[in-house]
Amino acid sequence: MSRVYNFSAGPAVLPEEVLKEAAEEMLDYKGSGMSVMEMSHRSKVYDEIIKEAEQDIRDLLSIPDNYKVLFLQGGASQQFAAVPMNLMKNKKAGYILTGQWAKKAFAEAKLYGEAVELASSADKTFSYIPDCSDLPITDDMDYVYICENNTIYGTKYKKLPNTKGRILVSDVSSCFLSEPMDVTKYGVVYGGVQKNIGPAGVVIDIIREDLITDDVLPGTPTMLKWKTQSDNDSLYNTPPCYGIYICGKVFKWIKRNGGLAGMKTRNEEKAKILYDFLDNSTLFKGTVVKEDRSLMNVPFVTGNEELDKKFVAAATEKGFVNLKGHRTVGGMRASIYNAMPKEGVEKLVSFMEQFEKENK
Ligand SMILES: *Cc1c(COP(=O)(O)O)cnc(C)c1O
């Protein structure tokens, strides 16, 4: 068996310990005589798994009692619709456009009401986060929407927008549990787990209780109504049982490794190694303004498309895989989520140094 250094943006690397534990429990979960994949979601043993997972994420993020945690399906993209369906009482919301995922959420919201562009960084290929201190937010907006870490472009909000009293809704798919976060600043936080937490197929919503109501847009499917999910503790129908079980294991792994403060320290160390190298390289260059750099997704280029291709191929050969940039932007991108060991980043940088020498 040989594992590669997987820099994929998602589905992405998971902690090896978690995969090993899951492998050990594959045929017989804790004396149940069956795999978690095979057990009823209504069984006592599964109930413990999902309850414990919820408690662990509550502990990690210090989620207050007046916020619900929902384990849902359909990925982050399904929530692009669920957000307006559940929140657009006035049929108006403000969106800050910082990349593809924010744009997709914006386009989806337009199907249900008036989605207003509050700010955008499209003018410079989304390489920065716009100034959000005084946006044209009006009192009739039901919420203000952001994508907090832009997976494709490698930017992250270091300061949350001034929403002028409106509810903040944030897609945190690619920075979920990468550092501490004050949940009370948000109305809704949600993320697909396949970037930093678990296998694709699970999306976790953290929603302030008063925003979970029967007052949803007409025609909202039962499954997309947060109230349905909340009233049934995420067990209205069969949830993505196995995925939630792996998320639970990752929560425990984070707890064992210093919690979110521990993750932040590790992630800052890893990102610094890569950014310091990029800042001093004569061949490679980061594409994001320094103040807005993501700790999770690091896009970079050589400035020469042929050389980019050569680099990606050579890196793959050496076991540094999935470094090709998103198909819409080109170049390279190293995603260095929680589970990427520091050693993986150090070795990647050594390889880049060598590539630079040989290609100058
Ligand atoms: C990956 C990603 C999505 C899409 O997630 P799906 O689970 O595939 O729907 C949405 N938002 C962000 C920020 C992402 O990184």
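## Burial and surface

Of the protein's 360 residues, 57% count as buried. The model is a predicted one. Its accessible surface comes to about 15600 Å². Carbon and sulfur atoms account for 49% of that surface.

## Overall dimensions

Along the principal axes, the C-alpha atoms fill a box of roughly 65 × 60 × 30 Å. The radius of gyration is 21 Å. A compact globule with 360 residues would have a value near 21 Å, so the protein agrees with that expectation.

## Secondary structure and contacts

The protein has 9 helices and 14 strands. Consider contacts with a separation of 6 or more: 68% of them come from residues 24 or more positions apart.

## The β11-β12-β14 sheet

One open sheet is built from 3 strands. Their order is β11-β12-β14, and the pairing is antiparallel. The edges are formed by β11 (285-286) and β14 (332-335), each of which pairs on one side only.

Helix α7, residues 259-280, packs on this sheet. The helix touches β11, β12 and β14. Its direction makes about 20° with that of β12.

## The β11-β12 pairing

Strand β12 covers residues 297-301. It runs antiparallel to β11, and 2 bridges join the two strands. Within this pairing, Lys285 stands opposite Val301 in β12.

Key: Residues numbered from 1 in each chain as written. Predicted model: local features only at pLDDT ≥ 70, side-chain atom pairs only at ≥ 80, totals over all residues. Heavy atoms only, no water. Pairing = 2+ DSSP bridges. Helix = DSSP H or I, 4+ residues; strand = E, 2+ residues; numbered from the N terminus. Contact = heavy atoms within 4.5 Å. Axes fitted to C-alpha atoms, helices over the stretch in contact; angles between N-to-C directions. Rg over C-alpha atoms; globule rule 2.2 N^0.38 Å. Buried < 20%, exposed > 50% of the residue type's maximum accessible area, 1.4 Å probe, protein only. Areas by Shrake-Rupley, 256 points an atom, 1.4 Å probe, with all protein chains shown as cover.
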